[in-house]
Every structure is written in structure tokens, then in C-alpha cells.
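Colleague: I should like to go through this model with you, beginning with how its helices are arranged. Could you take my questions one at a time?

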Amino acid sequence: MPDLKISIPAILCATFAIFLQVQITLFETTDYAGLRINLADLLLPFTGIFILYSLLSNKTKWPHWQKPFGILWLVALTVVMTLSLMNGYRLSGELSSWALLNKFTGWFILIAYLYAGAWLATNYAEITIRPLIKPFVFCFLLISSVSAVSIIMVGYDLLPLSLARLIIPDYYQLESMMGNRNALAFLFAVITVFITIFSARHPDIIPRWSLILFWSFFPALLCLNGSRAMWLAAVLLLIYLGITNKQIFLRFIFLPILFGSIFFVSVLHEGQRNLIFTPFVSSSKLYNHTLRDTKEEQHIHGGDNARMKIIESSLERWQQSPIIGAGIGGGVAYQQVKYGETIDVIDNSMLWILTDMGLIGLVTFLACFAAMLAALWPYFLEKKQALSPERQTFLICTFLMLLVFGLFSLVHEILYSRFLWFILGLALALPHQHQTKSSDP
């Protein structure tokens, strides 16, 4: 029989790596945007029971954390979230489903992912990297490439619409199975880091041919997704990779990007009737006419105007209660007061925290973010050598992932990205053999 101590952690890592890339929406109504969950959320209760049994029966160890990050940061953030929820109820007299389920309950799901990753890292650090990275990278390549090719084929009338709707959502931008193009853009940026650095340092884990394939598809994925934050992240990542991995950049990145760009531009020639790419016009919309109702007015919506209105109302509401904020959901509720309608959620992590939780919440979250960076900084500089090469590379990628998260959080609400917290748990926890008395319980 196989060793369960090896097989079960590997299976958990591989399953989460795949399921965390698939999002679905439940309970959507005309008055409620619905509860967006990952497929992995459905497995989380069973995984939690298994982990808890293992801990209580003393078969495995409780996670310890890399300093200066520790459990007190999670307690502080949870207190801030709880007080913000109570403050929202105090001000409005009710709790919206979005505030209670999506944000407050969702926060504990994020902590569960963090601890699931930490439990794996503490007890099985050296056997979790390969089972995680391979499916994480190749699942993204498969889903995104199929989605991108499907969008282009539909534009050329080469794919029946009935079949297309089974492969890609009824939407005119690449979002794969993440349910939101900005969520996919963040995942795209993180995958860019992991696939490139792992392939450069560990081609036995991520072979070089997959790196060539990824960077050949990169221009198409970048343009079809249309996230301007991803465009900026891509430039910064290319500069970093060009400086730190010159040979890999020239051989496996620059040439595939050049080839992919030429091919993608040739696909979008002027004679192509149904597929129109308009870069940097209202969030870089790729408008696919064949996927929408022909009676519907065909235009690029003014998403930027709505975004500016949300920013204006959010800052105005924050100024009314700068220290403790408007309470969870208060920023969105104020849109009804100011504009007579609810425009949308605050699609900006920093602004959402500031508006709903005030300066107290923002300072607490920023301090926790800084503690995470500080915990990973020595490993990014490779000053600590008592690790396997694979885990060292994993920690370097996670540090860069946090920087990418910081960039995206300035323009999008991505705090609730499940894969972010699972990977952070795997990176921030101390492997059992490296725990010291100075680590936090």
C-alpha cells in the first residue's frame, strides 16, 4: 500500500492547484450579485475535518510561522473585520448578504486556506512543491489557451455558438473559468512568475518547452484579457526577468513573445469581421459581436466612468468616518444615497478597506502585508540556505507574488483570491524540522 503521509498531501496540493482556478456563482438574483466560490471551497470542509483529526490525534504538528508574521496578525485582522461588520449594522440597522456572506464569512474561508497551506508546509514541506506547481501551471495553460482559441474561432465563425457557450462564458473578454477577467489577470501574473522562475531554475519540474508555449501564448492572453493592471505588471515582470535571467529571457521569452505577437496581430487583421480588439479603450475591451444578443446595442461600455463615480462616492463616504469607516457594505450602500442607484462593488482592495474599515483597518492590513514581505525577504535574497532548492525557489516566487498582489490591489479587489492565501500558507509556515523557539505558534 502507498504511504498515506506522502500520497494524501500530494493529492491535496494537486487538487487545490486545479480547483482554485475554477470559480462559480451561487444564489444570484436581481437584487444580489450572488456568492462567488471556488470549486475548492466545496472540498474545504472535508479537508478541514481531515486536518483537524490529524492535529488532535497528534499525528501532525500545528503550523508555526516565519517571523515577523504570526497568528496575532490574523487575530488583529479578524477583530477589524468583526468590528467593521458590527459598525455597518449599527449605522444601517441591517446586514446585507454581500457583507455577511461574501466578505465576513469569506474572510474565514481565506484563513482556512492559509492554514491548510501552512499545515502542509509544516508537516510535508519537501513533498508538496512539485505536486502543487505542475498542475497549477499546466491547468492554467490548458484552460486559458482553450478559452483564447475558442474566442478567436467564434470570431471567425469556426465554432458553433452552442458549443462555444459550453467552453467560454457569454462574455467578450478572456476570463477562462475564474468568473472575472480581473481575477484571471491576477492569476495570469502569478502564473507568469511561477512558470518562468521554476522553469529557469528547475526544468525537471517545469520543462523549457512549456515556457516557450506559455510565452508564445502570452501576447494573445494579454490582449484578450485586456486588464491594464496586467499590462503594467507584464512590463515590470519582463524587466525583472530580463535583468535576473538574461539567457532564459533571450532564448525562451523574447523570441516566443515576438513570434506570438506577430501571429496574434495577423489573426486580428482588418478583414476579420466579428472580432474587434480596441486596446486601452475603456479597460481594453475585446468585443465579440457573435456572443451577444444582436438586438443589444453594440458598444464599448463606459466602465471607467462608473469606476470614477465609485471612487468619488467611496472617498466621500470615508471622509464622513475616517477612523473606523462606514462598516462592511457601507461604501456600496452610499452609492444609493449619492447617485440613487447601486453602481457596483468597490473594485479596489485598498479603497474598499479604507472606506469600510477606515484608517484603523487600512493600517492593520498594510502592517500585516509588510510583515509577510519581511518574513519572505531573507529567502528572496537567498540568505537562508537550510532549504531544498525547490522550496527556496517557491519562496522567491511567493515574495514576487505578494508584490504583484500589492500592485493589483491598488486598482482591483483581489483580496479574496483563494489561491493567494493557500500559497501564502505554504510559504509563510515553518517546516517542522526548521521550527525554533523564536517562531510564533
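Modeller: Certainly; please bear in mind that this is a predicted model. To begin, helix 3 and helix 13 are roughly antiparallel to each other.

Colleague: At roughly what angle do the axes of helix 3 and helix 13 cross?

Modeller: Helix 3 covers residues 71-92 and helix 13 covers residues 349-380. An angle over 145 degrees counts as roughly antiparallel. The two axes come within 10 Å, and they cross at roughly 175°.

Colleague: Which residues of helix 3 make the contact with helix 13?

Modeller: On the helix 13 side, the contact involves Trp-352, Asp-356, Met-357, Gly-361, Thr-364, Phe-365, Ala-367, Cys-368 and Ala-371. By class, the contact of helix 3 with helix 13 has 11 nonpolar, 3 polar and 1 charged residues. From helix 3, the contact is made by Trp-73, Ala-76, Leu-77, Val-80, Met-81 and Ser-84.

Colleague: Is Met-86 buried or exposed?

Modeller: Met-86 is found in helix 3. Its C-alpha atom is separated by 8.3 Å from that of Ile-328, although the two residues are 242 residues apart along the chain. A residue counts as exposed over 50% relative accessible area. Met-86 has a relative accessible area of 51%, so the residue is exposed.

Colleague: Which residues is Gly-358 in contact with, leaving aside its neighbours within four places in sequence?

Modeller: Gly-358 lies in helix 13 and counts as buried, at 0% relative accessibility. The C-alpha atoms of Gly-358 and Ile-323 are separated by 4.7 Å, with their positions 35 residues apart along the chain. Leaving aside neighbours within four places in sequence, Gly-358 is in contact with Trp-318, Pro-322, Ile-323, Ile-324, Gly-325 and Ile-353.

Colleague: What kind of peptide bond joins Lys-67 and Pro-68?

Modeller: Pro-68 is found in the loop between helix 2 (39-56) and helix 3. In general, most peptide bonds are trans. Omega between Lys-67 and Pro-68 is about 10°, and the bond is cis.

Colleague: What is the phi of Asn-58 near?

Modeller: Asn-58 is also found in the loop between helix 2 and helix 3. At 69% relative accessibility, Asn-58 counts as exposed. Most residues other than glycine have a negative phi. The phi of Asn-58 is positive, near 60°.

Colleague: How many residues of helix 15 are buried?

Modeller: Helix 15 runs over residues 418-428 and is mostly covered. Among its buried residues are Arg-418, Trp-421, Phe-422 and Gly-425. The number buried is 11 of its 11 residues.

Colleague: Which residues have the most contacts inside the largest nonpolar core?

Modeller: Buried residues make up 54% of the 441 residues in the protein chain. The largest nonpolar core has 126 residues. Those with the most contacts inside this core are Ile-133, Phe-194, Met-230, Phe-394 and Phe-408.

Colleague: Which residues does Ile-133 touch, not counting residues up to four places away in sequence?

Modeller: Ile-133 is one of the residues with the most contacts inside the largest nonpolar core. Not counting residues up to four places away in sequence, Ile-133 touches Phe-194, Phe-198, Ile-205, Ile-206 and Phe-394.

Colleague: What is the relative accessible area of Ser-144?

Modeller: Ser-144 is found in helix 5 (residues 129-155). Leaving aside its neighbours within four places in sequence, this serine is in contact with Leu-174, Ser-176, Leu-184 and Leu-221. Buried means under 20% relative accessible area. Ser-144 is therefore buried, with a value of 1%.

Colleague: Where does Ile-343 lie?

Modeller: Ile-343 is partly exposed, with a relative accessible area of 24%. Not counting residues up to four places away in sequence, Ile-343 touches Ala-306, Lys-309, Ile-310 and Gln-335. Its C-alpha atom is separated by 7.9 Å from that of Val-332, 11 residues apart along the chain. Ile-343 lies in the loop between helix 12 (330-339) and helix 13.

Colleague: What percentage of the exposed area of the protein chain do carbon and sulfur atoms supply?

Modeller: The protein chain has 15 helices and 4 strands. The area it exposes is about 19,900 Å². Of that area, carbon and sulfur atoms supply 68%.

Definitions and conventions
Residues numbered from 1 in each chain as written. Predicted model: local features only at pLDDT ≥ 70, side-chain atom pairs only at ≥ 80, totals over all residues. Heavy atoms only, no water. Axes fitted to C-alpha atoms, helices over the stretch in contact; angles between N-to-C directions. Helix = DSSP H or I, 4+ residues; strand = E, 2+ residues; numbered from the N terminus. Parallel < 35°, antiparallel > 145°, perpendicular 65-115°, else oblique. Contact = heavy atoms within 4.5 Å. Nonpolar A, V, L, I, M, F, W, Y, C, P; charged D, E, K, R; others polar. Buried < 20%, exposed > 50% of the residue type's maximum accessible area, 1.4 Å probe, protein only. Areas by Shrake-Rupley, 256 points an atom, 1.4 Å probe, with all protein chains shown as cover. Core = buried A, V, L, I, M, F, W, Y, C linked by side-chain atoms within 4.5 Å.
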